[in-house]
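Reader: I'm more at home at the bench than with models. Could you show me how to read a helix and a strand?

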Amino acid sequence: MKVKQLCISSYKPPVQSQNWAQSLFLNLYRCNSQQISRHLHRLKVNKVVKGGQSFIFGEEKVGLAVGVKGSCYNAGGEVARRARQYGFGTVVLSQNELNLKETSQVISGLIQANYKYKLLGDVAQEKQQSDENNDQYSYIQELHVQENIFEDPYFQQLVQLAQIKLYARDLANTRQEGTPQFFINEVKKLFKDNPNVEIQILEGKQLQECQLNLFYAVGQGSIHPPTLINLTYRGNKNSQELHALVGKGITFDTGGLHLKSYGHMENMYLDKSGACNVLAAFKGAVDMKLKVNVTVTLGMAENAISNTSYNPSNILKSHKGLTVEINNTDAEGRLVLADCLSWTQATYNPTTIVEISTLTGSCKAALGGNTGGLFSNNDKLSQELLEIGKELQEPFWRMPVTDEHQDMMKGKFADLCNTGKSKICGASKAAAFLFNFVDDKIPFAHLDIAGPKESKTDKGIYPLGATGFGTQVLLKYLLNKQE
Ligand SMILES: [Zn+2]
């Protein structure tokens, strides 16, 4: 969707619609205001539609009056749905009672909900054709806003953040085509000719040669070689600071020999969401030419089942040198991440590390589908991320890592084990495991998005499928780190 500056005197509806009525005129009001009832009276509205925390008060072909209460983002999401329902390709924000911040959030929500994954690969062409003939899939193509909003930096930033989140969804929603090789191709396509971006790739046996044995073991059962992708962008050559992002990219998680059961495996193409969000945030930082130095590491592997899969009981030596006994092959994400974290530190000695992953069902059990878990060794970094998340409606909740959790992850025959014996506090135990691979002196945050990675309903700011939850937090974090 293109966001344009509206010039009402020269505004022309898009070519495909030859009359004004096919552009949707959007009027945003505060809830319960006098104006909205006057407006509704004028439109002769007889229907009140309730959607999310926003209330859409009425519509006819000429316009939509939206009373905004609660989340501005969700109100925007409902606008997108309503526009789609009536097949409006163009939306013009004409009346507006909200302030700049609220308006920006409504439009961010509108962009986030105005999304459908375009299939890639073999099945794509046929399907796309049938979609194009189907009105149900007409999405907003253009949004026009007044000059004072269009030129506002907060507005522009929210639009950029929302758009980059859609790219994260494009990556995460890939199915069988979303292999480690797909991600190699993608980063080459994006950055090969960019002199400000360095690309490093360790593929298959190269991981073993560099002692990333945990990472290699997770991917060794797949025909798609496990791959570490590292990208470094130096936007501020005068600064010594370098911020690292690390993402879990399990392209499909069968659980390995501890095979997942029916009902628990079908959406496991989304187990790469962390890496997808990191790649998207990195692309955002490069596109926006941020004055910040950033290195990102994506741990891409398929946890497959075959005669070469790694076994429970294996004792493996990590990149850091700590040995790990495998209790459960389905606790693979932490193995990939452990080596990615330790390799990133050894290679770059970064100033801070933020890692994001769909790590534990336990985190989803604790926090549900709208909130991510945050674990950190640093109060300041935690606070920073919590505040950004709240502002952007990608909320996180801080959870503990205690000595109790650390003790549970000690191995009997090795330094560590990968799940521990008891079935309790899985999210904190996973975080405790990762803490072993990070230098205490480096501010580190682990973000567990196992809950909010996916939307199972078309509601609020999320359509069905991958949400991209956390992408905006990562990019805004980098925006704030500019010197
Ligand atoms: Zn798993």
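Author: Let's start on the outward side of helix α7: Asn185 and Lys189 are exposed there. Exposed means 12 or fewer other C-beta atoms within 10 Å of the residue's own, buried means 20 or more, and partly exposed is in between, with C-beta atoms placed from the backbone. Mind you, this is a predicted model: local features need pLDDT of at least 70, side-chain atom pairs count only at pLDDT 80 or more, and totals for chains, interfaces and linings use all residues. Numbering runs from 1 along each chain as its sequence is written.

Reader: Which residues of α7 are buried?

Author: Pro180, Phe183 and Val187. Looking down the α7 axis, the buried residues fall within an arc of 55°, so they line one face of the helix. That arc is taken from the directions from the helix axis to the C-beta atoms.

Reader: And what covers the buried residues of α7?

Author: Contact means C-beta atoms, placed from the backbone, within 7 Å. The cover includes β8 (197-203), β9 (227-234), β10 (243-253) and β11 (293-303). Helices (H or I, at least four residues) and strands (E, at least two) are DSSP runs, numbered from the N terminus.

Reader: Now a strand: why is β2 described as largely enclosed?

Author: Because six of the eight residues of β2 (residues 23-30) are buried.

Reader: In which sense does β2 pair with β6?

Author: Pairing needs at least two DSSP bridges between strands. β2 and β6 (residues 90-96) run parallel, over six bridges, and Leu26 sits opposite Leu93 in β6.

Definitions and conventions
Contact = placed C-beta atoms within 7 Å.
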